[in-house]
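Reader: I'd like to learn how to read packing in a model like this one. Could you take me through it?

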Amino acid sequence: MDGPAPTHRSYEPPPAAAGALASWNAELAFRSVVEATADKAGLEFMRHLVKNLAQSLGVAYAFVAEFAGAAERVRTIAFWGGDDWKPNIEYELAGTPCERVVSGQFCIYHDDVQRLFPQDSDLVALRARSYLGIPLRGAQGQPLGHLAALDTRPMPDDLRGLQIFEVFANRARVEIERLHAEAVLERACSDLEVRLESARQDLNQTRQDLDLAYGELQALLEINQSATRHLSREALFDALAACVKPLLRTERFGIEVPTGPETLRVHVLALDRPSSSPMIEDFESQGTVCRWAQEQRRIYVAASREQIRTAFPRTFAVMEREGMESLCALPLLRESRSFGALFFMSVARDAYREIPVALLERVASAVAVAVDNCFAYEEVAKLRDRLASENSYLQEEIREEHNFHEMVGKSACMASVFSLIEHVAETPSTVLILGETGTGKELIARAIHDRSARRERALVKVNCAALPSGLIESELFGHEKGAFTGATERRIGRFELASGGTIFLDEIGDMPAEAQVKLLRVLQEGEIERVGGSRTIRVDARVIAATNRDLAAAVAAGTFRQDLYYRLSVFPIRLPPLRERREDVPLLVHHFVARYAAKLGRRLTRVTPDTMERLAAYGWPGNVRELENVIERAVILSPGPDLRLEADVLAGASVAPAGAPAPGVVAPASGGSAAPAPPRSSSLVDVQREHILSVLEQARWRIDGPHGAARALSIKPSTLRSRMKKLGIQRNGGEVR
């Protein structure tokens, strides 16, 4: 709209540096609003919220409003006016200061709001001079309404403290969504009650008709009784089949229900002869008798299938396929709705010349009520159980994905590892897992967590080697808004997320030195500070660390802090490489064969002795992970019941004697873990520079865009340019885009 430009911005939380309105004690105000609304919910929460916000802000009016059935009108849910709650009002958005707010902008008009919005007569009636409003958006970003405050005095320019206004705006948004959800459920329950009442009325009417024609109408009574007893679709249709089939001569009958504008589903309730047709069929509705009966709301009778060949080709095709000759179809009507058809087919010609039309219409009406109630019950049950089902599914998926029984082994060294897990799991002690790459260190961490008292809380995993050195502190400890370029909002760190649970620090040996200092403080004091923040935060997270490096050697080389090493190695667990537990190889082979055979739909019954001998003799420098990949490939390539291992899979690897390391694998030092010897020809800076150059060449020196080097490196273009400048990377004879 045309008009003055208020102090506004796109809807986002106010800056963390914001405190309260001038001379307003934010902490006391926050506490007072929390205490007033802590035990409230729904409309009661809204009323106390606006009252206490108005009193805390020192303004004359405060209200919460939501859309009133259209995007152009809103109505207040709770309205505080100085000394008491005011009656709720409904008004047009156009020409009001609320118009920009509900579109997604945070707005404040410090003074002269009446002059700025001369069309808003309510501002004059309230003698308002200043206005403050914040939009309320749903979890999916849809606009719900807004929270606003008005005053008869100018509002100060100092906007400190609007964070509290934002906090309770979010709470108001949650309550509005909850009220909407409750209203939807209430309407659904009310509609179901109306439908059930209608069914009871239909039943009473049917019983009155039974007084006039008790003999034939006895079947109608049984239909209605079945409808009230059965709410599941299978049980209802079985009952309908038993009640309806005796009314007419029929070899095939059922119900057709539309599934879309041009499709329908046929529920065949009874067949008197063998048929290859399924009991449920899907058709296009165009060219069917049932669609005509549904649309015309009339009964349709065909003496022979030739009679409908031209007008209803799809129904003709079904009758010809099933050997049916005559047809009767009745629409399923309820009140003003027509939502399907009941049909009868017979192998005899002109089987339905003389039929009790009035009785069949009542039968169709009763069936309609039963089916409609059944479908309505299914919808209500689906809404009611949706959240519980999703939660149950996710919990079961987690249990299947991270099952302790995935750890396979019966060797003495693995038995020792299992014993150590059982001893340390129930304690809060820090655990350091040592082992080569691919030995299953994460499985050990999950087993310890699942057997601890913290198993009901999260196990948060952090791969220290995968995080850039500039971001690892933000990932571990979080950051405040504006702490660095790109920090557009506050972020909760992994330690806070793991509080009360367990944090698994994988590849701890690759943690930068500056992050090691902060990690040491967490281990010693149980305290963190977010990047860019000054507030100390207490955390209670059990630390499990893992590495494939020799940390003792790293301490001696000065790349790892000695005090941190001693803090982490309170309870070390060394995972043996696969070459040191060769007796476990057959167990692991059978385990992986069973897993991937089931996953890939293969029937593998055995592993040949020579294949098992080759697998057991191989040195497995990649340990269990390499074995798993080899078995998956072998399962894919094995056409018969025997697992076949291609000759070139383990080619070039000499068989290592028992107890000796495989070629190319460094034997572990006593009490430590083995790690491949790192290349000594290049420094980390050189490797990083060569990698960036390689990616830039592949991207043709394009930095931005979907095919740029920044996207390939998973970093921001500005970060890539900064690193190129730091590493001295320039393009010769061309421009970097």
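Author: We'll go through cores, a strand and two helices in turn. First, the ground rules: this is a predicted model, where local features need pLDDT of at least 70, side-chain atom pairs count only at pLDDT 80 or more, and totals for chains, interfaces and linings use all residues. Residues are numbered from 1 along each chain as its sequence is written, and side-chain values use heavy atoms, with hydrogens and water left out.

Reader: Which residues have the most contacts inside the largest nonpolar core?

Author: The general idea: in soluble globular proteins, nonpolar side chains tend to be buried together. A nonpolar core here is a set of buried Ala, Val, Leu, Ile, Met, Phe, Trp, Tyr and Cys residues joined through side-chain atoms within 4.5 Å; buried means under 20% relative accessible area, with a 1.4 Å probe and protein chains only. The largest one has 31 residues, and Phe495, Leu505 and Ile508 have the most contacts inside it. Helix 16 (513-525) is among the elements that supply at least two residues, and helix 16 gives the most, with five. Helices (H or I, at least four residues) and strands (E, at least two) are DSSP runs, numbered from the N terminus.

Reader: What does Ile508 touch?

Author: Leaving out residues up to four places away in sequence, its contacts (heavy atoms within 4.5 Å) include Leu432, Leu519, Phe560 and Leu568. There's also a second, separate core of 29 residues, which includes Val59, Ala78, Ile134 and Phe168.

Reader: How many residues of strand 12 are buried?

Author: Eight of the nine residues in strand 12 (residues 326-334) are buried, so the rest of the structure largely encloses it. Strands pair if DSSP finds at least two bridges between them. Strand 12 runs antiparallel to strand 11 (residues 300-302), with three bridges, and antiparallel to strand 13 (residues 337-346), with eight. In the hairpin of strand 12 and strand 13, two residues lie between the strands, and Glu335 takes a positive phi near 55 degrees.

Reader: Where do the buried residues of helix 19 sit around the axis?

Author: Look at the arc, taken from the directions from the helix axis to the C-beta atoms. In helix 19, Val585, Leu588, Val589, Phe592, Val593, Tyr596 and Ala597 are buried. They cover an arc of only 150 degrees, which puts them on the same side of helix 19. Their cover includes helix 20 (609-617) and helix 21 (623-637).

Reader: And which residues of helix 13 are buried?

Author: Lys441, Ile444, Ala445, Arg446, Ala447, Ile448 and His449. That is seven of the ten residues of helix 13 (residues 441-450), so it is largely enclosed by the rest of the structure.

Definitions and conventions
Buried means under 20% relative accessible area, exposed over 50%, partly exposed in between (1.4 Å probe, protein chains only).
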